[in-house]
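Please work through the exercises below with the sequence and the coordinates open beside you. Each task sentence is followed by a solution that goes step by step.

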Amino acid sequence: MGEKVKILFCGDVEGRFNTLFKRVETINSKSGPFDLLLCVGNFFGVNNKEFGPYRLGDKKVPIPTYILGPTNQDQLAEFPKEEADFELCPNVYYLGKRGIYNDSKGLKVAYLSGLVCSGDKNKWNYDESDVSDLCDVALKGSPSFRGVDVLLTSQWPAGIVDRGKVNVAEAAQSEHISYLIMKLKPRYVVSGLEGVFYERAPFRCPNLGDHDTTFETVTRFIGLARVGNPSKDKWIYALSVTPLNKMKIAELLQKTTDETECPFAIDELESKVFKTKKRKGDTPSQYFYDMNASMEDEKRKQRPKKQRVEFDQAKCWFCLASPSVEKHLVITVGESCYLTLAKGGIVPEHFLICPMEHFQNTLACSEEIRQEMAQFKEAIRKFYHRRDTVPVFFERNYKTSHMQLQAVPIPQQATRELKDIFLDESEAQGCRLEELESHSRLDQVVPPKTPYFTVELPDGQTLFTKIQGSLNFPLSFGREVLASGPVLDMPDRVEYRDCLIDRSAEEELVARIRTDFEPFDFTQ
């Protein structure tokens, strides 16, 4: 059995931050250490002045804390406009609208923020497209998907309450969340908003047939009350759990004495959530792999996703034919790729290799493009060698739309511990870089559409990590490592915005580099 993860859950905080963190600190000192605190419901309330000292660092949050998003318009101002800016204060992180968080010990947490959409969709609403996307993240590219450890929601799932146990209005419950439970098979579902504590008897969601690789694991639902409520209903819940992927199958399937029947029916939920009609003789099928669906059903299911993935190349900063490209930064152009100066580079000769047409990552590029990228890399090696430096190439396929392979020169003596520095920093960030075997290719170890980070070291070794939707991955990770003391010792050049120069200086720099690069330019 794998290492256990100790978790604290809490209900709606609604601005009572001192009450929450004082209680967490007490529990952590007596029964900890706990790995993380997961908050459901409304983290912010009408009065949030207690959060100020935590933002400023005058007060400390005792353990890493992860929160769901807003449930109404008034709360929007408390959340970052961009989900990439997920740190609200030291040790408090906004998970985002939907996704899956993987912690360093293997815990898999699915989450869905906000309220179900009942009319026009707002930033605090979710609908069937969000449910589809969340299932997509969990199921696609994971042929041995077993389920998730935890599902966090603000709303309660429809049909979860045994009659007479607690009073929760039907309008406050969500069939979309019930559907997610059937699809993701979470071991624990934790929700807030209703102001009462309720712990349901465990149940098992049935296997849904073809392509469903999950086990019929036990699911437990926990509804948490508001922090510091006068009724003293339970609002904080402690749990010690072994991550699902580190458990034996026999342990997952072990029966409990208090199990009840599954309260959900997949065909009814699918019909209500996706507005489809159940056909006679149909057997429950996985939504993403329903080969029996009519063409009209398929079109209806695909419409939201089709609209979401359409991309306007005219607005892309890196498609060479786009008017948005800053062409004065381009150094040289090949048949299918081009070499450009990085805007706000760590050092003056910080380059990007990009495909001319729109490809999201290296794995999506054709063999022709990859071969030309290899030619550019070899030319850059020779170019950097003239100053006794060697290149580090890295790519982040996460929260970016157009593939960029970055090249940064470092001194030869800085390579000695470079691999260990990358590995140590990745461990500290909870993303754990792995070494790609010399006989393997990246597309053999990273499933399609999976976010990843990869770095090629000067000696040819490649390190990689699969991010899989985790918002905990720092967008400037590659820059942070290279700008650190043991490598370039340029801590003030981690953020590209801090390194920007005016256009005339960019043009002058590019003109000099174009001349210097000519002897190494294979495109001439």
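**Exercise 1: a covered helix**

Task: In this predicted model, establish which residues of H3 are buried, and check the span of the helix.

Solution: The buried residues of H3 are Ser129, Asp130, Val131, Ser132, Asp133, Leu134, Cys135, Asp136, Ala138 and Leu139, so that ten of the twelve residues in this helix are buried and H3 is mostly covered. For the span, one takes the twelve residues of H3 (residues 128-139) at 1.5 Å a residue, which gives an expected 16 Å, and the end C-alpha atoms are indeed 16 Å apart, in agreement with that expectation. Two of the buried residues, Asp130 and Asp133, also belong to a network of salt bridges that includes Lys97, Arg98, Lys121 and Asp127.

**Exercise 2: a sheet and its helices**

Task: Determine the strand order of the open sheet of eight strands, and find which strands H9 touches.

Solution: The order is S18-S19-S20-S22-S21-S24-S25-S23, with antiparallel pairing. The edges are formed by S18 (330-333) and S23 (434-435), each of which pairs on one side only. Helix H9 (residues 418-429) packs on this sheet and touches S21, S22, S23, S24 and S25, its direction making about 10 degrees with that of S25. Another helix, H12 (residues 503-517), lies across S18, S19 and S20, running at about 35 degrees to S18. Within the sheet, S20 and S22 run antiparallel and are joined by three bridges, and leucine 352 has glutamine 406 in S22 as its bridge partner.

**Exercise 3: the surroundings of a histidine**

Task: Decide whether histidine 328 is buried or exposed, and identify the side chain with which it makes a polar contact.

Solution: Histidine 328 lies in the loop between H7 (295-309) and S18. Its relative accessibility is 11%, and because buried means under 20%, histidine 328 counts as buried. Its side chain forms a polar contact of 2.8 Å with that of glutamate 506, and, leaving aside residues up to four places away in sequence, histidine 328 touches Arg503, Glu506, Glu507, Val510 and Arg514.

**Exercise 4: two salt bridges**

Task: For the salt bridge of glutamate 175 with lysine 272 and that of lysine 377 with glutamate 456, work out which parts of the chain are linked.

Solution: Glutamate 175 and lysine 272 meet at 3.6 Å, N to O. Since glutamate 175 lies in H4 and lysine 272 in H6, this pair ties together parts that are 97 residues apart in sequence. Lysine 377 and glutamate 456 meet at 2.6 Å, N to O, linking helix H8 to strand S24 across 79 residues. Both lysine 377 and glutamate 456 are buried, whereas glutamate 175 is partly exposed at 30% relative accessibility, and lysine 272 is partly exposed at 46%.

Methods
Residues are numbered from 1 along each chain as its sequence is written. This is a predicted model: local features need pLDDT of at least 70, side-chain atom pairs count only at pLDDT 80 or more; totals for chains, interfaces and linings use all residues. Side-chain values use heavy atoms; hydrogens and water are left out. Helices (H or I, at least four residues) and strands (E, at least two) are DSSP runs, numbered from the N terminus. The expected span of a helix is 1.5 Å times one less than its number of residues. Buried means under 20% relative accessible area, exposed over 50%, partly exposed in between (1.4 Å probe, protein chains only). Two strands pair if DSSP finds at least two bridges between them. Contact means heavy atoms within 4.5 Å. Axes are lines fitted to C-alpha atoms, for helices over the stretch in contact, and angles run from 0 to 180 degrees between N-to-C directions. A polar contact is a pair of N or O atoms within 3.5 Å; within protein, one must be able to donate a hydrogen and the other to accept it, and residues adjacent in sequence count only if both atoms are side-chain atoms. A salt bridge is a side-chain nitrogen of Lys or Arg within 4 Å of a carboxyl oxygen of Asp or Glu.
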